[in-house]
Amino acid sequence: KYMMLIRSILDSLFNNVASIVEGLADKLNVTIEDVCAYRNVSKVIDVSRSVTELSVPLTGITMAFVTTALDDTNPLYIYRVDEGYKKIFPNVNEYAIDWNTQRNLLRNPFNGELYLIYIGYYNGVKHIFFSKSVDNGETWSEPTRISVLPEMEGYHQDLVSGTLDRNGHIHVVWGGYTSDSPSKTKIFYSVFDGESWSTPILLSTLSSMSGYNQCEPTVIIDKNGNVHVAWSGITSDSSGYYRIWYRMFDGESWSPIIELSDDLRLSGKHQLSPSLAVDKNGNVHVIWEGAYNGGNNRIWHRMFNGSEWSETVMISNLPDGYDYYDEHPCIYADKSGNVHAVWNGTSPEFPFNDQIWYSKFNGEEWSTPIRLSTHPEMDSNFQYEPVITVYDNGLIVVAWVSYTDSYPYTVFAYTYYDGEWHTPVIVDSGEDLWGVDVEYVTVIT
């Protein structure tokens, strides 16, 4: 259960052996934990194969996913529900579009171009790359490396997130090691103005953050062009616990860093995986996962109305106690002013295998969470890392990584809402992908 904690230690010491350890852990069917969070990702193996025939009712929806292939490469695919999948990069990093709280696949609303921000390799080390497609994913430009600071040479860059502003400019944040911080990650920011990428700047600038991990950054733009960034990190005065941090750029300067996870119920507990959204009124919403003094991880929400932050509210409605947990949240705001959240977690009805849950905020309160992973093959299997997108016509699409009865490896699934939630579609990966694990999936925004 603690392999990813081991990974964090090894990554700090050797900076390049974590992927080897994870690969071994995967083959040994071990539960692993992520470098900046304690997560349960239990491998469920079923050697049977009874392929379920499923129709694909949607068109025009684009996703991306990464697999671990039989030859130990990590190809990255584009998937369109009406056309199937296509390999676009033969070998990226296993965590190229990791995590679900981060946005990696973007469409420019002005010219239709697709942008992909991902983790690839440069001289054998993980770095941040950008590629674009002008033909809806058929062909892709030569990747451009974004993480170009001299102190980043030879050091891993990781956990990247991007967003678009109204001018079509791309804003990107990520966590990375440097020559002056070889064992602890920092948060960096860069923007593409349509011509070139800016020199990365450091965002995690508090002196108390020096020598401590800062990770899992996420970024969003409001209607006035302000850039909002949140991440999870430890400081010298947080007693070794990850907290949620936030700062904003108004076009001229960056605001001071503030903590969002300062509710007394959350003290002395890890707070992780922030996800950001901006509603039609310009309110900034952040959700994250974190333990509290009444139990395991729950999903928490705060809103900034331009002048002050709201109180911290628990979205998930699990009973107090440590028997159940929620994690991997993802948030999206629609054009009508509603805010939508998804996550994976256990419950009294599903105490052993995570399911996918959904709740909606109408501006005043969150709805009672409902289960989305309702396919019969998902009842007794692990579902995790959901990502949500809401289109202008109100269509909601949620995709996630899935274990099912039919496949002895991870695939991905999606469901959608067009007035009602539909039974999830389990994506048949095809014979050429038989036997490979889908690691992470993202949906176009």
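How many of the 445 residues of the protein, as a percentage, count as buried? In this predicted model, 61% of them do, where buried means under 20% relative accessible area, exposed over 50% and partly exposed in between (1.4 Å probe, protein chains only). Because the model is predicted, local features need pLDDT of at least 70 and side-chain atom pairs count only at pLDDT 80 or more, whereas totals for chains, interfaces and linings use all residues. Residues are numbered from 1 along each chain as its sequence is written, and side-chain values use heavy atoms, with hydrogens and water left out.

The protein has two helices and 28 strands, these being DSSP runs numbered from the N terminus (helices H or I, at least four residues; strands E, at least two). An open sheet with antiparallel pairing is built from four strands in the order β8-β9-β10-β11, two strands being paired if DSSP finds at least two bridges between them. Its edge strands, β8 (157–164) and β11 (201–202), each pair on one side only. Strand β10 (residues 181–192) meets β11 in the antiparallel sense over two bridges, and L202 in β11 is the bridge partner of F188.

The largest nonpolar core (a set of buried Ala, Val, Leu, Ile, Met, Phe, Trp, Tyr and Cys residues joined through side-chain atoms within 4.5 Å) holds 40 residues, of which M63, Y79, I388, V398, F412 and Y414 touch the most other members. Strand β25 (residues 396–402) supplies the largest share of this core, six residues. A second, separate core of 18 residues includes I88, L114, F129 and Y440.

Aromatic pairs number 22, under the rule that rings of Phe, Tyr and Trp (its six-membered ring) pair if their centres lie within 6.5 Å, with planes under 30 degrees apart counted as stacked, over 60 as edge-to-face and the rest as tilted. F192 and W197 form a tilted pair, 5.2 Å centre to centre with 40° between the planes, and both residues are buried. The rings of F382 and Y384 have centres 5.4 Å apart and planes at 50°, so this pair is also tilted; F382 is buried with a relative accessible area of 3%, and Y384 is buried with a relative accessible area of 5%. One aromatic cluster is formed by F65, Y77, Y79, Y85 and F412, and among its members Y79 and F412 also belong to the largest nonpolar core.
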